[in-house]
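Thanks for sharing this one. Here are my notes, set out as numbered points so that you can follow them with the structure open beside you.

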Amino acid sequence: MGKHFVSARAVGLIVVSLRRVRCSAAFKAAGTAKIYGHAEVLQQLKDIADKLLQPKETRFIGDRLHFVSVADGEAVSVIGRATTFFDIHSTKTKQFGFSMDIGGGKKLTCCGDEPCNEFGKPYAENSEWLLHEAFCLHSQADIFDPYSKNHSTVKDACELAESLHVKNLLLYHTEDKNLSARKELYRAEGKKYFSGKIHVPDDLDALAL
Ligand SMILES: [Zn+2]
């Protein structure tokens, strides 16, 4: 599942990035965009883009849309913020998370598509913002079976965030069977295990850091 999921999102990311580049091209602005990843996933992105998109779109890759290869533990400046990428050591497929310095001694850390493990904890610990997957409520684990997909419940993610002294926990990559009540239900379960603030954004929600 993980590979499909990442691929689908990745193509979406390329399309959005290319649209952004094309829009700015239409206005004759010097629009560029960057996608950061390890070398293998960037090659996969390039291959998928070549298969699914038109040459009039893919011609921007390498010209206006840049794929930037990063290594485990490497720090680069992204939108002016020092950002460190780290290998989450997935047993499914090679995946990176990242931790960004957002100023004032604070950091925002994204653990990727799997529960934060020993490799990610040094980055996630004491994060002002932690972005972590939570596939479903713990009370519904028997329905959605998150562990078979190497995913967490809300309770698991909240206990982890509490143990890592996180301030704001943002839960993503959830089941979507009850979207109208998801925010409320996930927060209600999570607050029993996490004393910080829990965010369960809907599509297009914006958050101020
Ligand atoms: Zn997943």
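1. What share of the 209 residues of the protein count as buried? The figure is 32%. Please keep in mind throughout that this is a predicted model. In secondary structure, the protein has seven helices and nine strands.

2. A word on confidence. The protein has a mean pLDDT of 91, with 86% of its residues at 70 or more. The stretch to treat with care is residues 1–6, where pLDDT is below 50. In the model this stretch makes eight contacts beyond near neighbours in sequence. Where pLDDT is low, the predicted coordinates should not be read in detail.

3. On contacts along the chain: taking those with a separation of 6 or more, 52% join residues 24 or more positions apart. One pair that is distant in sequence is R64 and T32, which lie 32 residues apart along the chain, yet their C-alpha atoms are 4.6 Å apart.

4. Helix α2 is a nice place to check the geometry. This helix runs over residues 39–52, and at 1.5 Å a residue its 14 residues should span 20 Å. The C-alpha atoms at its ends are 20 Å apart, so expectation and model agree.

5. Staying with α2, which of its residues are buried? V41, L45 and A49 are. Because these residues cover an arc of only 75° around the axis, they sit on the same side of α2. On the face turned away from that buried side you will find the exposed residues A39, E40, D47, D50 and K51.

6. Now the interior. In soluble globular proteins, nonpolar side chains tend to be buried together. Here the largest nonpolar core has 32 residues, and L130, V154, A157, A161, L169 and L171 have the most contacts inside it. At least two residues of this core come from each of β4 (81–87), β5 (96–103), α4 (121–124), β7 (129–133), α6 (154–163) and β8 (168–172). The element that gives the most is α6, with five residues.

7. A157 is worth a look in the viewer. Setting aside neighbours within four places in sequence, A157 contacts H132, A134, S152, L169 and L171. Two of these partners, L169 and L171, are also listed with A157 among the residues with the most contacts inside the core.

8. There is also a second, separate core, made up of six residues, including L45, F60, I61 and L65. L45 ties this core back to point 5, as one of the buried residues of α2.

9. How do the strands β7 and β8 pair? They run in the parallel sense, over five bridges. Within this pairing, W129 has N168 in β8 as its bridge partner. β8 is also joined to β9 (residues 197–199), again in parallel, by three bridges. There, L170 stands opposite H199 in β9.

10. Finally, two residues to compare for exposure. S77, in strand β3 (residues 75–78), counts as exposed because it has 9 C-beta neighbours inside 10 Å, and the cut-off for exposed is 12 or fewer. The C-alpha atoms of S77 and M100 are 9.0 Å apart, with their positions 23 residues apart along the chain. R64 lies in the loop between α3 (55–58) and β2 (65–69). With 18 C-beta neighbours inside 10 Å, R64 therefore counts as partly exposed, since buried would take 20 or more.

Key
Residues are numbered from 1 along each chain as its sequence is written. This is a predicted model: local features need pLDDT of at least 70, side-chain atom pairs count only at pLDDT 80 or more; totals for chains, interfaces and linings use all residues. Helices (H or I, at least four residues) and strands (E, at least two) are DSSP runs, numbered from the N terminus. The expected span of a helix is 1.5 Å times one less than its number of residues. The arc is that of the directions from the helix axis to the C-beta atoms. pLDDT is the predictor's confidence in each residue, from 0 to 100. Two residues are in contact if their C-beta atoms, placed from the backbone, lie within 7 Å. A nonpolar core is a set of buried Ala, Val, Leu, Ile, Met, Phe, Trp, Tyr and Cys residues joined through C-beta atoms within 7 Å. Two strands pair if DSSP finds at least two bridges between them.
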